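Subject: Structure handover

Hello,

Here is the structure I said I would pass on. Please open it first, and then read the notes below.

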Amino acid sequence: MARIGFIGLGNMGGPMAANLVKAGHEVTGYDLVQAALDKFAGIGGRPAAAMADAVAGADAVVTMLPAGQHVRDAYLGSGGILAAAATHAVLIDCSTIDVDSARAVGAAAAERGIAMVDAPVSGGVGGAEAGTLTFMVGGPENAFAQAKPYLECMGKTIVHAGASGTGQAAKICNNMILGISMIAVCEAFALAEKLGLDHQKLFDISSKSSGQCWSLTTYCPVPGPVPTSPANRDYKPGFTAAMMLKDLRLAQEASQVAGAQTPLGAHAQALYAEFAEAGNGGVDFSGIIKMLRERR
Ligand code: NAD
């Protein structure tokens, strides 16, 4: 049994922390929202009154926060994680954030001689609850080895992507593929409708042909062919368009800094921005088919 500090007990962090409690660890959690702390206490966690109280003396500290600025503040601020953490601790940031922030915080931890990894996840709230998340981990080999047993309590697939920041790089590259491929599949179904081709027929053919991809075969954006996809429940998420837009923006930022050419990523970001700004931020990201059908 280890002592773990968990910062950010929201939609993802709450169930992830619960799985660490279930695994027998002593987990002290901190969140700005009292309701999140109360829920955490209800599943056997120890709520803390301040971030430093959750971090001091912990063998591992896990953070699951909204964005890069929250992570920088939590780690680098006065009364923050780096100031309070024991030198033997491993720090694990599971938030999805920009590569630069991940590297800056990782470097600050290294300067203090504390092991740290960036470990963003794929799998959503369902995966967090079931303990089946995929972790994409960036950081030194020793930090990865130290973090792995804790990640195994919360996920099924744990991949060491490389040096600090490469976990975030893997996450945004993967989600750029997802955003672009979802739009491609939506456009194909919208075109098929105009051409008088049945949804199921297109699915039967493309799922066995070169158009095959996850957005088609697991997350089909029209109702029918894949009964578990959000299209069958009026695009209730799932993975919201706002989350997809966040990840596409991170990919574009990284692309610009790195001097990479990602024109389809840029176009996907613009389309998801249009969709979200029309009031659909909370809709599943596959719901963009509705906009693509109607767009002139
Ligand atoms: P959320 O908004 O539900 O949870 C974030 C929590 O952090 C909130 O409870 C908030 O009060 C807390 N918080 C913010 N600042 C804090 C601080 N300084 N100290 C303590 N607590 C603080 O968000 P979420 O859906 O749990 O997502 C968290 C991260 O996981 C994001 O980076 C997101 O992109 C990523 N992610 C989410 C999903 C998903 O399906 N929800 C999937 C993959 C990755």
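Which atom of Leu 65 lies 2.9 Å from an oxygen atom of the ligand? It is a backbone N or O atom of Leu 65. Please keep in mind that this is a predicted model.

The ligand and its contacts

Leu 65 is not alone in this. Asn 11 also has a backbone N or O atom 2.9 Å from an oxygen atom of the ligand. With Asp 31 the side chain is involved: one of its polar atoms lies 2.6 Å from a ligand oxygen atom. Taken alone, the ligand exposes 830 Å², and the protein buries 85% of that.

There are 21 residues around the ligand, and those that come nearest are Asn 11, Met 12, Asp 31, Leu 65 and Lys 246. Sorted by class, this shell holds 11 nonpolar, 7 polar and 3 charged residues.

Where the ligand sits

The ligand is found in the largest pocket. Two elements give two or more residues to the shell around it: α7, which covers 124-130, and α12, which covers 241-258. Why does the ligand lie between domain 1 (3-162) and domain 2 (169-294)? Both domains give residues to the shell around the ligand, so the ligand lies between them.

The loop between α11 and α12

Two backbone details are found in the loop that joins α11 (214-217) to α12. To read them, a general point helps: most residues other than glycine have a negative phi, and most peptide bonds are trans.

Asp 234 lies in this loop. The phi of Asp 234 is near 50°, which is a positive value in a residue other than glycine. Gly 238 lies in the loop between α11 and α12 as well. The peptide bond that leads from Pro 237 to Gly 238 is cis, and its omega is near 10°.

When you go through the model, you could begin with the ligand and then turn to the loop.

Regards

Key. Residues are numbered from 1 along each chain as its sequence is written. This is a predicted model: local features need pLDDT of at least 70, side-chain atom pairs count only at pLDDT 80 or more; totals for chains, interfaces and linings use all residues. Side-chain values use heavy atoms; hydrogens and water are left out. A residue is near a molecule or strand if one of its heavy atoms lies within 4 Å of it. A polar contact is a pair of N or O atoms within 3.5 Å; within protein, one must be able to donate a hydrogen and the other to accept it, and residues adjacent in sequence count only if both atoms are side-chain atoms. Accessible areas come from the Shrake-Rupley method with a 1.4 Å probe; for residues, only the protein chains shown count as cover. On a 1 Å grid over the protein atoms alone, a cavity is a set of points where a 1.4 Å probe fits but cannot get out, and a pocket is an open set with protein on both sides within 12 Å along at least five of seven lines; lining residues have an atom within 4 Å of a point. A molecule sits in a cavity or pocket if more than half of its atoms lie within 2 Å of its grid points. Helices (H or I, at least four residues) and strands (E, at least two) are DSSP runs, numbered from the N terminus. Ala, Val, Leu, Ile, Met, Phe, Trp, Tyr, Cys and Pro count as nonpolar, Asp, Glu, Lys and Arg as charged, and the others, Gly among them, as polar. Domain bounds come from an automatic or database domain assignment.
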